[in-house]
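I opened this model to follow how its elements are arranged and then to look up a few residues one by one. My entries are below, in the order in which I made them.

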Amino acid sequence: ITDVREVIRTLVSREKQLMSRDKRWFHMRIIPYRTVDDKIDGVVITFSDITTAKKLETRLRKERKTTQ
């Protein structure tokens, strides 16, 4: 809710990575919703599943630690 209010107040998009309760990762993006009359009428929130990428990132970090 805080992020949504801030996007509406500032009209600046926000992005962050979140982990769900079932340990999946998502990239969340919140952007202002503009009507055809160019008025702000809420936000659009998208979630992209990035679980596979996060698992690969974790594995690569572990491999890097073992080789250093």
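Entry 1, the first helix. I looked up where helix 1, residues 2-10, sits in this predicted model, and I found that helix 1 lies across strand 1, strand 2 and strand 3. Against strand 2, I noted that helix 1 runs at about 35 degrees.

Entry 2, the sheet. I then turned to the strands that helix 1 lies across, and I recorded that 3 strands form an open sheet in the order 1-2-3, with antiparallel pairing. I marked strand 1 (14-19) and strand 3 (40-49) as the edge strands, since each of them pairs on one side only. For the twist, I wrote down an average of 25 degrees from one strand to the next.

Entry 3, one pairing. I went through strand 1 and strand 2, the latter covering residues 25-34, and I noted that they pair in the antiparallel sense over 6 bridges. Which residue of strand 2 is the bridge partner of Met19? I looked it up and found Trp25.

Entry 4, a surface patch. I asked which residues make the nonpolar surface patch of about 210 Å², and I listed Ile8, Leu11 and Ile40. Of these, I placed Ile40 in strand 3, and I noted its relative accessible area as 30%, which means that Ile40 is classed as partly exposed.

Entry 5, two lysines. Is Lys54 buried or exposed? I found Lys54 in helix 2, which covers residues 51-67, and I entered Lys54 as buried because its relative accessibility is 16%, where the cut-off for buried is under 20%. Leaving aside neighbours within four places in sequence, I saw that Lys54 is in contact with Gln17 and Trp25; Trp25 is the residue I had already noted as the bridge partner of Met19.

I looked next at Lys16, which has its place in strand 1. At a relative accessible area of 34%, Lys16 is partly exposed. Not counting residues up to four places away in sequence, I listed its contacts as Asp3, Phe26, His27 and Met28. Finally, I checked Lys16 against Leu60, and I recorded that these two residues are 44 residues apart in sequence and 21 Å apart in space, taken from C-alpha to C-alpha.

Technical notes:
Residues numbered from 1 in each chain as written. Predicted model: local features only at pLDDT ≥ 70, side-chain atom pairs only at ≥ 80, totals over all residues. Heavy atoms only, no water. Pairing = 2+ DSSP bridges. Helix = DSSP H or I, 4+ residues; strand = E, 2+ residues; numbered from the N terminus. Axes fitted to C-alpha atoms, helices over the stretch in contact; angles between N-to-C directions. Contact = heavy atoms within 4.5 Å. Patch = residues over 30% accessible without salt bridge, like charges linked within 9 Å, V, L, I, M, F, W, Y side chains within 5 Å. Areas by Shrake-Rupley, 256 points an atom, 1.4 Å probe, with all protein chains shown as cover. Salt bridge = Lys/Arg side-chain N within 4 Å of Asp/Glu carboxyl O. Buried < 20%, exposed > 50% of the residue type's maximum accessible area, 1.4 Å probe, protein only.
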